[in-house]
Amino acid sequence: MPRPLFATIHLDSMQHNLAQARSCAPYARIWAVVKANAYGHGLERAMRGFATADGLALIEVDYAVRLRESGWIKPLLLLEGFFDASDVPLLAEHNINTAVHCIEQVKMLEYTQLYRPIDVHLKMNTGMNRLGFQPGEYAAAYARLRAIPGIRNITHMTHFANADELEHPRLTIADQVRRFQHGADGLPGERSLSNSGGVLHQSDLGDSLSNDWVRPGIMLYGGTPGGRSAQDFGLLPTMTLRSEIIGMQEIVAGDTVGYGSRFEASGPMTVGVVACGYADGYPRHAPHGTPVVVDGVRTTLVGRVSMDMMTVDLTPVRNARVGSKVTLWGDGLPIDEVAQSAGTIGYELMCALAGRVRVQEGPMGSDG
Ligand SMILES: *Cc1c(COP(=O)(O)O)cnc(C)c1O
């Protein structure tokens, strides 16, 4: 028997969440963001789960090529563009849309002979100060790109720093939208602004946020960028991480558990050992109290997470035994809750799922 730890990917939930994104932004086309191995879900699997998306967006050109070779014929977008001039011919060959965020990329496009036209997303830095042209230099960058014969459509793009919080004290979506409109004023072309946060808040922002293309990531995987819960937004988990109890210990007051003896029992309790550790992608810094579900009962982590195992409090779980089913996150335990307890975000947990964890597909509610 293999180790009882596996991740179940719910393709039906991926489809459902994509439909939720459509209902939030009904007039926009959707780039389903599949960077980082589709947030840990697997690229080919995401291609099937998001088959009805209008395009797929990711980071690496070789993965974009892999999607083409796997049969994805709709648009593809490289969110950070290309990293070297030698990648440009691949864009043309495979019809891959690229972001252009800096003048060096413009120069590489100017010096490369394009045998087939390519579409680009020109990126504006509207306050995030990561990638993109400043609003004041944007029109000039646009003009240079427009002058390159091999460039076909130019879509205007920016990215929100605080899409999870409408009234951020330092920088709001509205501030960024204002800068974007100003910087791209009068330039022809489609527009793409929203990540999941923007999509989820589309109804609050109304017409001020008009997107031809939206770029949801985390919401398609049943997480949120922060703020309200995924459940509030009608999103379903797409990844359930499950394992089993592989050992038990009865301890008494004063006994400690695990490395560093960090947890000390205040009374008699049953400790269960779960086959899942930080080498599987479970966060080592998850503290005592992080939620875990055993045989359908919510309980907590105790002691330090070790490489291949972790320990949980089985005291509230009646009839717990070796072989009891454990849910680490997903169906029955929102990943955002686990992440928050561990001081991180659901994105990081999904992306960090280790290669050694067996992955299978199945609907929610199945015991996977
Ligand atoms: C990752 C990313 C997204 C998706 O962000 P989510 O918060 O996961 O929705 C959208 N646009 C760009 C440019 C990104 O890098």
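A cavity, in my notes, is a set of grid points where a 1.4 Å probe fits but cannot get out, and its lining residues have an atom within 4 Å of a point.

**Entry 1: cavities.** I kept in mind that this is a predicted model. I looked for closed spaces first and found two cavities of 30 Å³ or more. The largest cavity comes out at about 50 Å³. I then listed its lining: Lys123, Met124, Asn125, Met128, Arg130, Leu131, Thr158 and His159. Sorted by type, that lining gives three nonpolar, three polar and two charged residues.

**Entry 2: around the ligand.** Next I turned to the ligand and asked which residues come nearest. I counted 13 residues around the ligand, and the nearest are Lys35, Tyr39, Ser196, Ile218 and Tyr347. I split this shell by type too, and got seven nonpolar, four polar and two charged residues.

**Entry 3: polar contacts.** I went through the N and O atoms one by one. Ser196 has a side-chain N or O atom 2.5 Å from an oxygen atom of the ligand. With Ile218 the backbone does the job: one of its N or O atoms is 2.8 Å from a ligand oxygen. His159, which I had already noted in the lining of the largest cavity, places a polar side-chain atom 3.4 Å from a ligand nitrogen.

**Entry 4: how covered is it?** I wanted to know how much of the ligand the protein buries. On its own the ligand exposes 390 Å², and the protein buries 93% of that. I also checked the space the ligand takes up, and noted that this space is the largest pocket.

Note on methods:
Residues numbered from 1 in each chain as written. Predicted model: local features only at pLDDT ≥ 70, side-chain atom pairs only at ≥ 80, totals over all residues. Heavy atoms only, no water. Near = heavy atom within 4 Å. Polar contact = N/O pair within 3.5 Å; in protein donor to acceptor, adjacent residues only side chain to side chain. Areas by Shrake-Rupley, 256 points an atom, 1.4 Å probe, with all protein chains shown as cover. 1 Å grid on protein atoms, 1.4 Å probe; cavity = no way out; pocket = protein on both sides within 12 Å on 5 of 7 lines; lining within 4 Å. Sits in = over half its atoms within 2 Å of the grid points. Nonpolar A, V, L, I, M, F, W, Y, C, P; charged D, E, K, R; others polar. Points joined across faces, edges and corners; volume = space filled by probe spheres on them.
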